[in-house]
Amino acid sequence: MIALGIAIAAVILFVGTGGTLMPQIVRAWFGGGDAPNLLLTNAVLLNIALLIFGWRRYKDLHTEVEVRRVAEKRARELAERDPLTGCLNRRSGPPAMERLRSMLEGTHREIAVMMIDLDNFKQINDLNGHQMGDRVLTTVARRIRDALPEDGLLARIGGDEFACAVPFDYNAREEVDDIVTAIIRSVSAPIESNQMTVEATISIGVAQSGGNFAVQPEADADALIHRADIAMYHAKKRGRNRYYWFEPQMEDELRFRNELEAGIRRGIPAGEFVPYYEQQIDLETGKLSGFEMLARWKSPRYGVVSPEIFIPIAEEIDLIGELSEQLIRQALEDAKDWDPSLTLSVNISPVQLRDPWFAQKLLHLLVESGFPPARLEIEITESCLHENIGAVRSIVSSLKNQGIRISLDDFGTGYSSLSQLRSLPFDRLKIDRSFVSELTGEGEGKALVEAIVSLGKGLALPVTAEGIENSDVLGQLKGMGELKGQGYLYGKPEDADATRNRLAALGMLTQAQHVASEGGSVAAIEQRKAG
Ligand code: C2E
Ligand code: MG
Ligand code: MG
């Protein structure tokens, strides 16, 4: 401003002095007058210098201001945009959505906020590298943006989480359904990079700001994002490539789930998780052949909790490995003095098979307890076959090399193909109880069980039937061949003490235990063991 002032003042001065001096110079030039006034000439020269200086300074400052303005704009963009995908980011997304929402207030339109989460992003990153991970994120962002209307907003809220806001007519919620469906369809198309192809699936939760379908009072963008997040979580629980609109009871479910999660975190170090044992019987002879260890949570708050409730949560919060290790350690300890003819089966989650150290950890537990590997069987479900099969195979091979046996649990429920079934060296098939329980019914249960039994024969795999609840079912199974079986007909799973009592009654505890229960000294037991 000052530089500009100086330049302007210099111009005025120049006009004033130059106006008098110039005619004198012109006249002197053509020889028609006196030499120009020296003082005035110096003043004009000084004035010109001032003019040039002022102008230069003004130009420099102007350039400087321009550079700063561009830098500030860039900094703002960096602060507001996600550098990888170019979307709005966690900071700028919600306020932009709030502006859009309040702009629509009082009109017949409102906004729907969607939370979109990639289901399998960690796996994509782990298996294909971060470059592929970045490629997936940019492609997914582009595909979502393409499916949004012109006035829609897209923000990347977390690593693999996007939030969108779209205006829609509150009488036409199906407009949003169409957009969501289009997003799911386009995102799940294969993504290629460097001759690799991956498929990303997403879960979406949607919440609307007000209008006719409002389930709760008008909410601001932050509240909408929160609700959409809850609905997204709900969608995730129910499988991939799904979407749900937010409903208030979802919030209660989530609160309960968070309480369970906190309970599990506390319960593991507190030793609240204990092994129960279910008998496994040779159906031909009726003799006990071993036990399947089934986890129970003895929660001070909820009582005895089923593994169907806490295992999926432990998997999700990445505590399944720790929990399972603790249970197996306890089970190996419990099983130490069982009769040596008895086997111990333990269930292993697909999540555990992603741990490259899993085999080592299990072998370490066996060494620690002195339990013979040949008496241990691990049960894995068909979903393991959809994991990174190479990694699973290498874990399974090292376990088998140590003599541990592998069963395919819940067979028939996971849609595995025959080639997948042969991709791992299983030692046993376990027919899921849903088929076994249908054996006596009208349905196709019998044909299915027969088919699985003959598949087992064809592949030279022994078969166990789960969920035998009555003698009719048992009778039918006995007619199908040499099977093992388990189920409530033989008794429900029991804790370690009840199992020990059962074994003691059957005379199936080792000598050491008999001596111990009769009050034999620890030294004597140790001596016998050493012998
Ligand atoms: P699973 O491995 O298929 O275990 C058999 C389930 O069927 C057990 O349920 C058992 O109590 C139940 N069951 C057995 N016989 C009968 C019967 O005659 N009728 C009926 N209705 N049910 C019967 P549970 O103990 O609730 O375990 C459920 C599932 O939780 C198990 O299915 C297994 O997949 C999983 N699980 C249990 N313990 C663990 C564990 O330590 N780690 C992992 N990863 N999963 C576990
Ligand atoms: Mg099992
Ligand atoms: Mg099973």
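## Charge and surface

In this predicted model, the protein chain carries 58 positive and 75 negative charges, and the mean positions of the two sets are 5 Å apart. The chain exposes about 27,600 Å². Carbon and sulfur atoms supply 54% of that exposed area. Buried residues account for 43% of the 531 residues.

## Overall form

The protein chain contains 19 helices and 16 strands. Its radius of gyration is 38 Å, whereas the globule rule gives 24 Å for 531 residues; the value is well over the rule, so the chain is more spread out than a compact globule. Along the principal axes, the C-alpha atoms fill a box of roughly 140 × 60 × 50 Å.

Contacts can also be sorted by separation along the sequence. Of those between residues at least 6 apart in the protein chain, 68% join residues at least 24 apart.

## The magnesium ion (ligand 2)

Four protein donors surround the magnesium ion (ligand 2): Glu 292 (OE), Asn 347 (OD1), Glu 379 (OE) and Asp 409 (OD). They lie 2.0 to 2.2 Å from the ion. Along the chain, these donors follow the spacing E-x54-N-x31-E-x29-D. Distant parts of the chain are linked by the pair Asn 347 and Asp 409, which are 62 residues apart. Asn 347 belongs to strand E11 (residues 343–347), and Asp 409 to strand E13 (residues 405–411).

Asn 347 has 28% relative accessibility and therefore counts as partly exposed, a class that runs from 20% to 50%.

## The magnesium ion (ligand 3)

The magnesium ion (ligand 3) has as its protein donors Asp 409 (OD), Asp 410 (OD) and Glu 466 (OE), with Glu 466 (OE) listed twice. The distances to this ion are 2.0 to 2.5 Å. In sequence, the donor residues are spaced D-D-x55-E.

Asp 410 is partly exposed, because its relative accessibility is 24% and buried means under 20%.

## The shared residue

Which residue coordinates both the magnesium ion (ligand 2) and the magnesium ion (ligand 3)? Asp 409 bridges the two ions, which lie 3.9 Å apart.

Is Asp 409 buried or exposed? Its relative accessibility is 5%, so Asp 409 counts as buried, the cut-off being under 20%.

Definitions and conventions. Residues are numbered from 1 along each chain as its sequence is written. Chains are lettered from A and ligands numbered from 1 in the order in which they are written. This is a predicted model: local features need pLDDT of at least 70, side-chain atom pairs count only at pLDDT 80 or more; totals for chains, interfaces and linings use all residues. Side-chain values use heavy atoms; hydrogens and water are left out. Helices (H or I, at least four residues) and strands (E, at least two) are DSSP runs, numbered from the N terminus. The radius of gyration is taken over C-alpha atoms; the globule rule is 2.2 Å times the number of residues to the power 0.38. Buried means under 20% relative accessible area, exposed over 50%, partly exposed in between (1.4 Å probe, protein chains only). Contact means heavy atoms within 4.5 Å. Accessible areas come from the Shrake-Rupley method with a 1.4 Å probe; for residues, only the protein chains shown count as cover. Lys and Arg count as positive and Asp and Glu as negative; His and the chain ends are not counted. The place of a charge is taken as NZ of Lys, CZ of Arg, CG of Asp or CD of Glu. Donors are N, O and S atoms within 2.8 Å of the metal (3.2 Å for Na, K and Ca); water is not among the atoms, so sites may look incomplete.
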